[in-house]
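Here is a short report on how the chains of this assembly meet. Please have the sequence and the model open as you read.

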Amino acid sequence: MHHFFRAPDRVIIEALVESALRYKAIPDADATLGLGKTLVQIYLNPSLRTRLSTEVAAKRLGMWVSTLDAGSAWAMEYGDGVRMDTDKAEHIKEGAAVISQYADIIGLRTFAGLKDRTEDAAELGLSAFAKHATVPMVSLESALRHPLQSLTDMITIRERRLSPKPKIVLTWAPHPRALPQAVANSFAEWTLASGYDLTVAAPAGFALDAEFTNGATLTEDQNTALADADFVYAKNWSSTSEYGKIGEGLDDWQVTAEKMALTNNAKFMHCLPVRRNVVVADAVLDGPDSLVIEQAGNRQWAAQAVLRSCLGR
Amino acid sequence: MHHFFRAPDRVIIEALVESALRYKAIPDADATLGLGKTLVQIYLNPSLRTRLSTEVAAKRLGMWVSTLDAGSAWAMEYGDGVRMDTDKAEHIKEGAAVISQYADIIGLRTFAGLKDRTEDAAELGLSAFAKHATVPMVSLESALRHPLQSLTDMITIRERRLSPKPKIVLTWAPHPRALPQAVANSFAEWTLASGYDLTVAAPAGFALDAEFTNGATLTEDQNTALADADFVYAKNWSSTSEYGKIGEGLDDWQVTAEKMALTNNAKFMHCLPVRRNVVVADAVLDGPDSLVIEQAGNRQWAAQAVLRSCLGR
Amino acid sequence: MHHFFRAPDRVIIEALVESALRYKAIPDADATLGLGKTLVQIYLNPSLRTRLSTEVAAKRLGMWVSTLDAGSAWAMEYGDGVRMDTDKAEHIKEGAAVISQYADIIGLRTFAGLKDRTEDAAELGLSAFAKHATVPMVSLESALRHPLQSLTDMITIRERRLSPKPKIVLTWAPHPRALPQAVANSFAEWTLASGYDLTVAAPAGFALDAEFTNGATLTEDQNTALADADFVYAKNWSSTSEYGKIGEGLDDWQVTAEKMALTNNAKFMHCLPVRRNVVVADAVLDGPDSLVIEQAGNRQWAAQAVLRSCLGR
């Protein structure tokens with residue numbers, strides 16, 4: 001069984017990118033591949049882009065889609081041997097096994113709690129579900145990773161790169177709320193697995209786990225990082241040293257036109273939604289080098305390629 | 001690009017009514033017209049009739065439907081140049097442009113806030129979205145209008161009128177909560193655009209904006225209005241002079257059997273849901289001249305005709 | 001018109017079981033039976049299994065499915081002649097009649113309030129809706145019954161029984177929250193209608209209404225009940241004598257391996273979700289005689305058989 005949870009190796013990434021670009025050219029190329037098959041999407045956290053793009057992708061393959069917004073209504077127990085007399089009504093053992101009987105592919109979204117690093121690192125929501133599921137699963141974002149977003153980013157870079165090994169900069173950016181590290185972790189993981197040249201710029205206290213950035217150039221100096229960049233990927237994430245804290249006094253990490261001028265006419269990327277004039281200045285986001293809308297558009301082709309792969313083709 | 005936000009001119013209204021009546025006679029007449037196309041419905045406010053009737057209508061055209069109940073989860077920023085450090089996570093610029101990539105038609109419902117008349121009149125929710133959308137949009141009710149309801153009403157009047165130019169009375173009615181003016185505005189707009197004879201009866205302080213009632217007979221005397229009426233359309237709306245306030249001491253505006261006796265055997269209409277024995281007496285609603293259930297039934301044919309038109313046929 | 005609200009007679013039950021087992025063998029046997037027909041599912045209370053299994057079942061018959069999570073958003077008035085000036089925005093008369101126009105089958109879920117026994121016994125949510133609906137309705141669980149679950153249970157017993165008339169024990173079990181009697185009522189009703197030998201074991205104060213258990217052996221001694229059992233169906237329900245109260249000091253009613261040892265190698269059944277080590281011990285639930293996952297899997301075939309029957313085949 002084949003789950004889609006993290007970056008595969010470079011050959012597989014490239015095959016997925018090719019598959020996605022084929023769907024972008026011919027959306028209905030496999031319109032009957034999934035006939036009679038059901039995708040069950042479970043959102044323990046809300047979603048707009050992921051939900052719509054995955055739903056459209058599944059339908060383009062002929063699949064049925066059932067979507068559960070299971071937020072607060074579906075508190076699941078993960079522990080073994082627990083006496084279930086609290087607020088958790090269902091054990092993941094039953095939950096995953098039951099849904100597996102109604103679904104041919106299960107998509108699951110769950111976020112990091114940002115309170116307990118060890119708990120988040122265990123990715124219980126996803127891993128416990130997968131342990132008891134009997135069909136392929138697709139991560140719709142987990143505590144540590146957002147692989148559908150990262151595949152989308154690889155598709156976008158592949159379409160827009162001017163050389164086989166562009167310089168890519170992932171830069172931390174300010175944000176008024178505490179966000180997970182998932183998008184940033186995953187982007188680093190996929191970029192490095194793809195063999196690209198990655199620099200990660202983040203303030204002191206915001207270094208991503210080495211598991212994800214091993215092989216990247218790391219710096220706390222944003223300006224130095226931006227020099228000669230071909231792609232600038234901005235993203236906020238909460239502190240890793242003071243786990244889950246918001247960064248204070250770091251407004252000058254906003255990506256502005258002046259900063260983009262340091263680059264090699266870099267393209268600007270972001271996963272959306274984005275806080276205008278906090279993460280990035282209007283002039284950059286609305287400028288000719290912003291790829292954010294086409295990135296979001298590529299979400300559907302990424303999902304279509306992944307679902308095809310889960311269908312065993 | 002063709003949006004469905006307000007009353008078109010009379011020729012177009014009549015064509016839409018014809019198209020809807022054709023679907024009522026032959027629901028599956030265009031069962032493959034929308035194959036491979038997606039309707040994304042976004043409900044910033046809840047809905048029962050609009051949601052179900054539009055969903056069924058789209059499916060009858062072969063379309064896929066994705067429905068987002070985006071109420072509190074999706075607070076969007078509309079302002080230009082704003083520093084987005086509040087609770088609004090996404091700018092309408094990105095939101096509209098992104099969803100346009102997953103949808104072939106976008107439906108959007110948003111209500112008047114009933115706090116700031118100028119803000120409501122700007123219909124920001126709909127107009128800002130439309131400014132950045134790149135596919136046709138359908139209003140599923142906006143701050144000022146509810147055009148799918150009004151087209152439904154025109155279909156119902158067309159089926160039930162005994163002469164080409166019936167006397168139609170739109171009468172204000174009591175209600176325990178503050179409601180928008182959208183249905184009433186829109187009904188007046190469509191009725192007048194259709195060339196019908198319209199009288200609007202409302203208490204002092206509840207006059208609709210002249211933009212919608214220009215050409216109608218206006219009165220504060222409900223009984224006079226009802227004389228010789230062929231159709232009585234009851235609807236509550238909140239005050240326009242003390243913007244958004246509920247009417248007090250106006251219980252005698254309820255539509256009763258005695259009042260219906262003043263008319264020319266008029267048919268009774270209401271958009272539903274309706275407060276029994278507040279807006280209208282049981283005897284009227286359950287009587288042989290009530291059209292409210294068939295009005296609601298016509299919602300699906302109205303939606304089907306509008307979606308067909310947005311698909312460019 | 002044909003509603004699915006309660007146990008039919010034995011011949012019909014057996015036909016539904018046969019129909020379900022045929023779908024289990026050949027899921028797509030009637031893939032076009034419901035083409036162009038719509039199932040509207042209304043959940044006034046949340047659901048996981050019922051929602052997904054019914055949705056998949058309807059799609060396998062070629063139907064369209066629209067699902068409304070109508071919980072708090074849709075407070076309906078049931079009373080006749082009421083002046084609707086409270087929080088209830090719509091009368092069931094209009095609600096049911098309107099949805100009937102968009103749907104070919106209506107599914108409705110509503111729970112017992114567990115505050116007023118008489119009100120719950122009237123099953124207003126379901127019966128008032130049915131009174132005004134003009135299409136077949138399927139109960140997705142009501143105040144007193146859960147017939148789709150019970151049909152599933154009959155399918156499972158039919159597949160797993162070793163003799164035509166096995167001894168079946170329905171035993172009360174502990175639970176930290178107050179639950180309705182619906183699953184237990186319905187299981188007793190269907191088991192007895194099927195001609196099986198049923199024993200119901202429950203503590204003092206928890207006797208089910210005789211309407212459901214007439215013909216069963218009743219006891220307050222769980223151990224005696226379990227002797228020679230072929231199937232043990234565990235379920236919590238709240239008190240019937242102190243209506244809606246939780247049982248206290250009854251932890252020893254948990255179904256354990258020791259208790260299962262009293263039986264005739266009985267199979268263990270539960271409708272899920274289940275509180276591990278409160279209702280039943282891990283050793284039983286994870287053991288080879290537990291049928292809970294296959295029970296849940298049979299939900300889709302039960303729903304498919306019922307929908308087929310509502311479609312008039």
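Which residue of chain C forms a salt bridge with R49(B)? The partner is E90(C), and the closest N and O atoms are 2.7 Å apart. Keep in mind that this is a predicted model.

## How the copies are arranged

Start with chains A and C. A turn of 120°, with a shift of 0.0 Å along the axis, lays chain A on chain C at an RMSD of 0.0 Å. The two copies are therefore related as by a three-fold rotation axis.

Chains C and B can be treated likewise. Chain C superposes on chain B after a rotation of 120° with 0.0 Å of shift along its axis, and the RMSD is 0.0 Å.

## Where chain C meets chain B

Contact here involves 27 residues of chain C and 27 residues of chain B. About 2,400 Å² is buried between the two chains, and carbon and sulfur atoms give 56% of that area. Three residues stand out on the chain C side: W64(C), E94(C) and Y102(C) supply 27% of the area that chain C buries against chain B, more than any other three residues.

Charged and polar pairs also cross this interface. The rule finds four salt bridges between chain C and chain B. The pair R49(B) and E90(C) forms a salt bridge. Residue pairs in polar contact number 13, both members being at pLDDT 80 or more. On chain C, the elements that give two or more residues to this side are β1 (38–43), β2 (64–69), β4 (90–91) and α3 (92–102). α3(C) gives the most, with seven residues. By class, this side of chain C has twelve nonpolar, eight polar and seven charged residues.

## Where chain A meets chain C

Now turn to the chain A side. Here 27 residues of chain A are in contact with 27 residues of chain C. The buried area is about 2,400 Å², with 56% from carbon and sulfur atoms. W64(A), E94(A) and Y102(A) lose the most area to chain C, together 28% of what the chain A side buries.

Four salt bridges are found across this interface. R83(A) forms a salt bridge with D251(C), with the closest N and O atoms 3.5 Å apart. There are also 13 residue pairs in polar contact, both at pLDDT 80 or more.

Which elements of chain A each supply at least two residues of the side that touches chain C? They are β1 (38–43), β2 (64–69), β4 (90–91) and α3 (92–102). The largest share, seven residues, comes from α3(A). This side of chain A divides into twelve nonpolar, eight polar and seven charged residues.

How values were computed:
Residues numbered from 1 in each chain as written. Chains lettered and ligands numbered in written order. Predicted model: local features only at pLDDT ≥ 70, side-chain atom pairs only at ≥ 80, totals over all residues. Heavy atoms only, no water. Contact = heavy atoms within 4.5 Å. Buried area = accessible area lost by both parts, 1.4 Å probe. Salt bridge = Lys/Arg side-chain N within 4 Å of Asp/Glu carboxyl O. Polar contact = N/O pair within 3.5 Å; in protein donor to acceptor, adjacent residues only side chain to side chain. Helix = DSSP H or I, 4+ residues; strand = E, 2+ residues; numbered from the N terminus. Nonpolar A, V, L, I, M, F, W, Y, C, P; charged D, E, K, R; others polar. Least-squares fit on C-alpha atoms with pLDDT ≥ 70 in both.
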